[in-house]
Amino acid sequence: MYSDKDIAIVILNWNGKALLEQFLPSVIKYSQHAKIYVADNASTDNSVEFLKTAFTEVSIIQNTENGGYAKGYNEALQGVSEPILCLLNSDVQVTENWLNPIVEIFNSEDQPAILQPKILDYKDKSKFEYAGAAGGFIDKYGYPFCRGRIFNTIEVDKGQYNDITNIFWASGACFFIKNEVFKALNGFDESYFAHMEEIDLCWRAFNRNYKTQYVGTSTVYHLGGATLSNTNPKKTYLNFRNSLITLVKNTDKNVLSKAITRMVLDGLAGLLFLFQLKPLHFVAILKAHGSFYLNLNRVLLERKKHPKRSNYYRSASIVWAYFVEKNRTF
């Protein structure tokens, strides 16, 4: 049986002294029995020195370089031995007793491998937060969406997702996973650098029959956009590139037709950016597809390594449901 003493909370940091100063106190206050680590991604500010003097109870892991979210966590977690890993963004405020429901579900008969709490918006705590909300799903073509957030439509939290249920992917903003499962999956795909790597990991977990669940009885508040905001073309590039790679790596069959359909839909998204007078985002999608083509051989080799399962998607096309049928909520 697990307890909160079996949890390692690992916060990845890169030049985030201000965020650590703001959000780390809540983690320490409400996680008294868990082991707390800050994994520093070769920061060039004085984050590490600040931690050593201001938060002596926190263990510091110093990575050799800034390898982004994926490589940063892969490197940091090699030396973490606790049975349950909590990968927590540095801009997350946790709440009292947030770990108790998580431990309870890990000890349940369902035996999930990955869990996500309810993620609300730190800036407006009545609403769900973009990155994860109440648990993630994907459509047939690999487009992600959440309970509580479909594209840019975000729901108000009215208790509608206070349940405990199976989901397809958990948000990297607050991501609980059994240590043995993380290692069995060989961690994150480091080629992603950042964005979508948790969806790829959860898809690989799904294909190996591991279960991912949402725990609506545990709540955290995520600031969001602390590294890259939704208006940053680099985020558009990473999301479109990594999502397409994830689809081709992990889908079960008809991969060519799915990839072609997906690229056409991406092209329409690019045209929409042009109409919105956002040409840099249009260029970001072009660059994302170019990078995908350049890495296609590697992606296809990765595809051969992993088992596949069908019935991975909740919606045949979330793009159609949202933009044509005007469905705005889960």
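Helices here are DSSP runs of H or I with at least four residues, numbered from the N terminus. The views below all come from a predicted model.

**View 1. A cavity lined in part by helix 1.** By the rule used here, the count comes to 1 cavity of 30 Å³ or more. About 40 Å³ of space lies in the largest cavity. Look around its wall and you'll find Ile11, Leu19, Leu20, Phe23, Leu24, Val27, Leu88, Asn89, Ser90 and Val92. Helix 1 (residues 17–29) gives the largest share of that lining, with 5 residues. Sorted by class, the lining has 8 nonpolar residues, 2 polar ones and no charged ones.

**View 2. Ser90, a loop residue on the cavity wall.** Ser90 sits in the loop that runs between strand 4 (84–88) and strand 5 (92–94). Its relative accessibility is 14%, so Ser90 counts as buried, the cut-off being under 20%. Leaving aside residues up to four places away in sequence, Ser90 touches Ile11, Leu12, Leu19, Leu20 and Phe23. Among these contacts, Ile11, Leu19, Leu20 and Phe23 turn up in the lining of the largest cavity too, as does Ser90 itself.

**View 3. Helix 7 against helix 9.** Two packed helices are described by the angle between their axes and the distance between the axes. For helix 7 (residues 233–250) and helix 9 (residues 279–294), the axes come within 8 Å and cross at roughly 35°. The crossing is right-handed. On the helix 7 side, the residues in contact are Pro233, Thr236, Tyr237, Phe240, Arg241, Leu244, Ile245 and Val248. They meet Leu280, His281, Ala284, Ile285, Lys287, Ala288, His289, Ser291 and Phe292 of helix 9. Put by class, that contact comes to 11 nonpolar, 4 polar and 2 charged residues.

**View 4. The second largest pocket, with helix 6 and strand 11 in its lining.** This pocket has a volume of about 250 Å³. There are 15 lining residues, and Asn166, Ile167, Phe168, Phe206 and Thr212 are the ones nearest the pocket centre. Strand 11 (164–167) and helix 6 (197–207) each bring at least two residues to the lining. Helix 6 has the largest share, at 3 residues. As for the mix, the lining of the second largest pocket holds 9 nonpolar, 3 polar and 3 charged residues.

Methods: Residues numbered from 1 in each chain as written. Predicted model: local features only at pLDDT ≥ 70, side-chain atom pairs only at ≥ 80, totals over all residues. Heavy atoms only, no water. Axes fitted to C-alpha atoms, helices over the stretch in contact; angles between N-to-C directions. Left-handed = near helix turned anticlockwise from the far one by under 90°. Contact = heavy atoms within 4.5 Å. Nonpolar A, V, L, I, M, F, W, Y, C, P; charged D, E, K, R; others polar. Buried < 20%, exposed > 50% of the residue type's maximum accessible area, 1.4 Å probe, protein only. 1 Å grid on protein atoms, 1.4 Å probe; cavity = no way out; pocket = protein on both sides within 12 Å on 5 of 7 lines; lining within 4 Å. Points joined across faces, edges and corners; volume = space filled by probe spheres on them.
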